[in-house]
Amino acid sequence: MVKEDETFPCDLIFLSSSRADGTCHVTTASLDGESSHKTHYAVQDTKGFHTEEDIDSLHATIECERPQPDLYKFVGRINVYNDLNDPVVRPLGSENLLLRGATLKNTEKIFGVAVYTGMETKMALNYQSKSQKRSAVEKSMNVFLIVYLCILVSKALINTIMKYVWQSEPFRDEPWYNQKTEAERQRNLLLRAFTDFLAFMVLFNYIIPVSMYVTVEMQKFLGSYFITWDEEMFDEETGEGPLVNTSDLNEELGQVEYVFTDKTGTLTENNMEFKECCVEGHVYVPHAVCNGQVLPTAAAIDMIDASPGAGGREREELFFRAVCLCHTIQVKDDDEVDGPRKSPDSGKRCAYISSSPDEVALVEGIQRLGFTYLRLKDNYMELRNRDNDIERFELLEILSFDSVRRRMSVIVKSATGEIYLFCKGADSSIFPRVIEGKVDQIQSRVERNAVEGLRTLCVAYKRLIQEEYEGIYKLLQAAKVALHDRERKLAEAYEQIEKDLILLGATAVEDRLQEKAADTIEALQKAGIKVWVLTGDKMETAAAACYACRLFRRNTQLLEVTTKRLEEQSLHDVLCELSKTVLHCSASLTRDSFSGLSADVQDYGLIIDGAALSLIMKPHEDGSSSNYRELFLDICRNCSAVLCCRMAPLQKAQIVKLIKFSKEHPITLAIGDGANDVSMILEAHVGIGIIGKEGRQAARNSDYAIPKFKHLKKMLLVHGHFYYIRISELVQYFFYKNVCFIFPQFLYQFFCGFSQQTLYDTAYLTLYNISFTSLPILLHSLTEQHVAMDTLKRDPALYRDIAKNALLCWRVFIYWTFLGVFDALVFFFGAYFMFENTTVTSNGQVFGNWTFGTLVFTVMVFTVTLKLALDTHYWTWINHFVIWGSLLFYVVFSLLWGGIIWPFLSYQRMYYVFIHMLSSGPAWLAIVLLVAVSLLPDVLKKVLCRQLWPSATERVQTACLVSGPPLGSHPLASL
Amino acid sequence: MAMNYNAKDEVDGGPPCAPGGTAKNRRPDNTAFKQQRLPAWQPILTAGTVLPTFFIIGLIFIPIGIGIFVTSNNIREIEIDYTGTDPSSPCNKCLSPNVTPCICTINFTLEQSFEGNVFMYYGLSNFYQNHRRYVKSRDDSQLNGDPSALLNPSKECEPYRRNEDKPIAPCGAIANSMFNDTLDLFLVGNESDPTPIHLIKKGIAWWTDKNVKFRNPPGADIPLEERFKGTTKPVNWVKPVYMLDPNEDNSGFINEDFIVWMRTAALPTFRKLYRLIERKSDLHPTLPAGRYYLNITYNYPVHSFDGRKRMILSTISWMGGKNPFLGIAYIAIGSISFLLGVVLLVINHKYRNSSNTADITI
């Protein structure tokens with residue numbers, strides 16, 4: 001028994017509730033984020049049990065499938081044993097299942113029986129659902145790491161071999177002044193060599209920047225807050241800001257090459273508005289101020305020409321009823337309004353809630369045409385007709401919507417006892433099943449609407465006689481009770497039922513484009529990102545939306561691979577022909593793109609539909625499928641925009657996968673808002689969910705969630721760019737500073753008899769990565785802005801500068817590594833020549849090995865930190881504080897570390913070493929000199945590159961410098 | 001990861017859609033930091049900004065370098081190798097271990113007089129004082145006068161930790177191999193009698209080492225020998241540590257020769273300060289030009305590891321001993337940077353127009 005506002009402890013079969021009709025309301029906000037109330041139904045035979053005793057007296061067995069993670073699927077069967085009679089078998093579906101984690105609402109209490117518990121509950125099974133995504137940066141980081149691992153091993157190996165070569169003369173191995181202990185002498189040679197190797201590994205292990213991983217994680221974690229904090233990405237209307245579900249992929253946002261976007265709810269608002277309906281060629285347009293009256297408007301020409309006769313009138317009303325009845329909307333009373341929509345002008349205030357906004361728009365539109373859907377009560381749907389009479393229809397069956405069939409049906413029994421089947425769905429799925437009605441007229445209207453970017457649905461009906469209905473009932477019941485393949489059997493049953501329909505009319509719902517969608521798409525294309533629209537809509541609608549959002553421009557030549565075309569030509573011919581046109585042009589395209597004028601060249605847009613795509617993807621037995629795939633990819637690559645319509649959710653993922661694993665391994669981003677986009681969001685490198693109206697499923701499964709499509713622009717062009725720059729600099733710098741750190745150590749081995757003597761004191765070894773050089777780079781990687789935010793937004797082409805992991809390519813990596821090696825050589829040999837066989841103090845006293853190490857270390861800390869300072873383009877007070885602060889910290893620490901005899905240490909080798917070093921004039925001179933020499937090549941390289949081969953980014957930087965800070969940037973930025 | 005955001009959902013899953021009030025709370029703060037709009041200085045390294053730096057570096061470094069070079073060149077230094085591997089060398093006889101004690105004499109001439117304080121070093125080559133096993137073979141607590149460490153030295157000292165069941169003081173390889181040649185310098189004047197040069201053996205070690213880091217075992221009134229009771233001398237030593245110097249201020253662990261030796265050198269070729277020769281007055285040079293001879297009590301064997309022994313006499317400037325490297329390096333870097341400045345100036349001039357037009361096309 002669960003009381004109101006309690007959370008279900010396990011997955012329950014809903015037996016009975018305190019409500020008379022055996023329903024209860026549940027919110028699954030904590031499961032899938034959808035906060036709307038969902039109605040669940042008690043098992044018919046048990047809904048009468050209202051007390052614990054009643055429940056005790058119940059004898060029933062439940063059979064159900066094995067636990068599986070899909071929240072919306074459940075297949076089971078309950079056998080209720082009434083006294084002596086044969087057991088009654090009832091199907092159990094997800095509407096009977098109350099999930100663990102969901103909360104009971106508006107229902108006093110319910111009784112249920114547990115089916116899945118613990119780790120078998122759907123909530124628990126969903127925890128491990130997501131696969132790990134890795135960013136390109138992380139991958140190249142790992143490759144670099146392997147390189148460094150090789151360097152480490154080879155260094156250790158070289159030193160070990162050198163050691164034994166060098167030691168082959170006994171006076172070197174064991175001179176009289178430096179004898180081994182007895183135990184050391186007796187050790188096996190191989191064992192000794194191996195321990196030496198390991199000792200070298202330990203000595204050089206700092207070259208593998210372990211702390212880099214920590215810093216990278218911290219940078220990603222802290223850095224991701226900048227997305228959540230971004231005010232510009234906060235949406236006032238919904239009160240939602242961006243969400244970051246994973247911080248692993250921040251930098252991947254700066255690497256996107258393909259954007260796959262859903263249309264509905266992503267490009268468009270998913271704020272449906274009923275535009276018109278067309279009944280047998282007569283067009284009705286509801287007006288906002290119509291007080292529930294029918295206003296067939298003058299806008300419809302056909303309407304004026306032929307006023308409907310009596311039969312037309314009947315059809316018309318039937319159409320309205322059909323629209324009123326054929327849905328799965330719930331009605332909320334006013335006191336429990338929680339849903340996003342309220343009917344705007346109904347006298348009786350109620351709100352419609354549905355998982356599909358189309359339905360809400362339709363029912364509301366029809367309401368304005370005079371038919372108001374009131375509620376569903378005791379399996380009777382009530383509606384008020386134009387004459388303000390309440391009509392009651394008994395709801396017999398719902399053949400629910402799915403994206404494969406793309407239609408849904410209801411079977412209702414009117415008060416007069418007539419049984420109707422109303423079917424509503426996409427035109428393509430309705431027209432083939434229609435045997436009667438003004439198909440041509442309606443079809444032309446539908447197509448016209450579709451071209452205008454409206455979403456169209458067709459409505460058809462069928463009158464059933466009682467016997468037919470009973471047949472249907474049996475068919476459905478059999479399918480529903482089936483334990484195996486229930487889905488398939490149901491689909492087959494639906495297929496049989498929904499045929500021989502009579503077409504009634506069509507509806508059109510407008511889905512407005514999201515604000516700045518066109519602007520965003522344009523910016524993305526300028527940034528060198530290919531935008532693909534994947535939608536389930538029909539081609540004309542989708543193409544219209546694409547034109548509206550400037551994905552296709554007027555001069556775009558459209559190439560079509562659609563079912564219609566494939567009927568005329570074979571797939572092979574079509575593809576070959578297209579590739580010929582495209583490739584012919586692409587030759588000139590690539591040539592021109594060098595001169596940066598590619599925008600003027602004829603660009604191509606490809607339209608492909610689901611059926612054609614499945615043909616392309618379908619593996620042929622003769623193995624030619626891969627050819628098609630390649631051909632298709634070739635065409636796609638050369639098209640500036642691709643529109644895939646009529647896509648099933650899985651096909652969306654397939655497309656993403658196809659591109660993802662194509663030759664160049666481009667980084668893909670999928671953005672969508674609905675449950676149907678989840679598969680592609682999960683498949684793409686980066687998945688972005690729109691916190692939209694179609695529930696939170698997409699946002700929940702995404703890596704990032706944003707309130708509006710337009711925020712994608714800032715997300716990629718600004719945040720993505722910054723993150724990429726920052727993380728790549730972080731990675732390169734880390735490798736660099738560790739090369740600087742450990743290479744002198746390696747060189748020192750050649751001067752200390754390969755004895756694994758450390759150059760630096762233990763404290764320095766430990767603290768180098770932890771405190772002397774960690775904070776500056778961390779803060780740098782959080783605050784660095786090489787170009788002002790506004791410039792990035794204004795000039796999307798800058799995004800191309802970092803495409804293809806440009807800052808972590810081998811060339812750059814090798815440059816940094818060599819810079820590190822060069823600096824290390826400077827430190828070491830600088831100090832070496834300083835110390836070689838001379839004294840550097842004015843009192844003639846000599847320095848030892850620790851002073852030598854300290855000098856190298858001091859030069860290194862300063863060089864490495866100043867190198868970062870040279871790389872910083874955005875000096876906030878934080879950077880100043882951290883960079884100068886860590887240098888100061890190093891000095892203070894060294895003074896302290898050498899200033900006291902530390903009682904807990906067994907050695908005092910650093911005692912006064914640092915201070916004595918500072919008392920020597922040449923040491924100061926050497927520090928200045930060596931730091932200058934180490935930094936010189938980098939400065940030179942930077943200046944020369946900027947002067948001779950400037951990248952677009954550098955040009956913009958210089959331009960900003962010349963013209964002062966760009967307009968709109970912070971006035972203090974010029975300080 | 002999945003756990004992560006599910007947990008988050010549960011936290012704020014309750015009222016995510018509730019209108020009004022919560023929306024305000026969720027709105028991010030408009031602070032400069034959170035919006036990444038902190039005021040900032042945005043320097044860019046261009047030829048224009050870097051050019052003056054290059055010239056300035058050139059202009060500063062070259063004079064410094066010349067100064068250092070001149071100073072270094074003014075330093076007088078003479079190095080005398082007395083290893084004796086050369087059969088003609090007077091010290092050749094001392095190579096065989098049988099001759100003990102072996103005293104040899106080397107004659108040399110100073111062409112120029114040494115003015116100011118003169119420092120006498122001994123230098124060793126091919127001697128790996130920086131070998132890891134060697135460097136760690138000491139006990140700093142023992143050297144600091146800790147009584148318990150005196151009698152129970154650190155394990156690091158192995159195999160120079162105990163001898164005949166007695167703890168060695170000072171323990172370890174470094175102490176055991178302390179340099180023990182004695183060098184004496186004589187000026188062969190015009191007279192028949194050579195004058196010995198007074199060599200000062202104090203002030204050769206770091207003040208902090210002598211006074212803080214190294215201490216004899218406690219017991220102010222007790223004679224030094226008593227304080228080291230229960231310990232034995234290092235194997236290779238002739239005398240125990242408390243007899244290194246007759247003067248108690250310079251004996252035991254605080255013997256300056258010992259302290260100097262204990263500061264392990266960075267490189268296998270090194271020199272260590274042996275004695276000071278103070279200048280007597282402004283008028284006379286400390287070591288006038290002329291003939292000298294060096295009297296060596298040859299104890300320290302280096303032949304076995306191909307080592308060399310040297311005696312170095314050097315004057316000292318503010319920047320230490322003779323070291324041409326620093327001056328040359330400064331001059332070189334200064335010139336390079338100056339040259340680069342010129343090159344950059346040319347490039348900057350030549351490419352200015354083209355880069356400007358490039359800006360316009362953007």
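This passage describes a helix–helix contact, the annotated transmembrane spans and an open sheet in chain A of a predicted model.

According to UniProt, in an unreviewed entry, the feature "transmembrane region" is placed at residues 143–166, 197–216, 813–835, 847–869, 881–905 and 911–936 of chain A. Among these spans, residues 143–166 of chain A are 100% helix and 0% strand, with the end C-alpha atoms 34 Å apart, while residues 197–216 of chain A are 75% helix and 0% strand, with the end C-alpha atoms separated by 30 Å.

Helix α7 (residues 189–204) of chain A meets helix α26 (residues 711–749) of chain A, the two axes coming within 9 Å and crossing at roughly 145°. On the side of α7(A), the contact is formed by A:Phe200, A:Leu203 and A:Phe204, and on the side of α26(A) by A:Ile742, A:Gln745, A:Phe746 and A:Gln749. The residues of this contact comprise five nonpolar and two polar, with no charged residue.

Elsewhere in chain A, nine strands are arranged as an open sheet of mixed pairing, in the order β11-β31-β30-β29-β12-β25-β28-β27-β26. The edges are occupied by β11 (243–244) and β26 (557–561) of chain A, each of which has a single partner strand, so that one side of each lacks a neighbour in the sheet. Within the sheet, strand β30 (residues 686–690) of chain A pairs with strand β31 (residues 704–706) of chain A in the parallel sense over three bridges, and A:Gly689 has A:Ala705 of β31(A) as its bridge partner. Helix α21 (residues 610–617) of chain A lies across β26, β27 (604–609) and β28 (641–645) of chain A, and runs at about 85° to β27(A).

Terms used. Residues numbered from 1 in each chain as written. Chains lettered and ligands numbered in written order. Predicted model: local features only at pLDDT ≥ 70, side-chain atom pairs only at ≥ 80, totals over all residues. Heavy atoms only, no water. Axes fitted to C-alpha atoms, helices over the stretch in contact; angles between N-to-C directions. Helix = DSSP H or I, 4+ residues; strand = E, 2+ residues; numbered from the N terminus. Contact = heavy atoms within 4.5 Å. Nonpolar A, V, L, I, M, F, W, Y, C, P; charged D, E, K, R; others polar. UniProt positions renumbered as here; feature names shortened; annotations may be inferred. Pairing = 2+ DSSP bridges.
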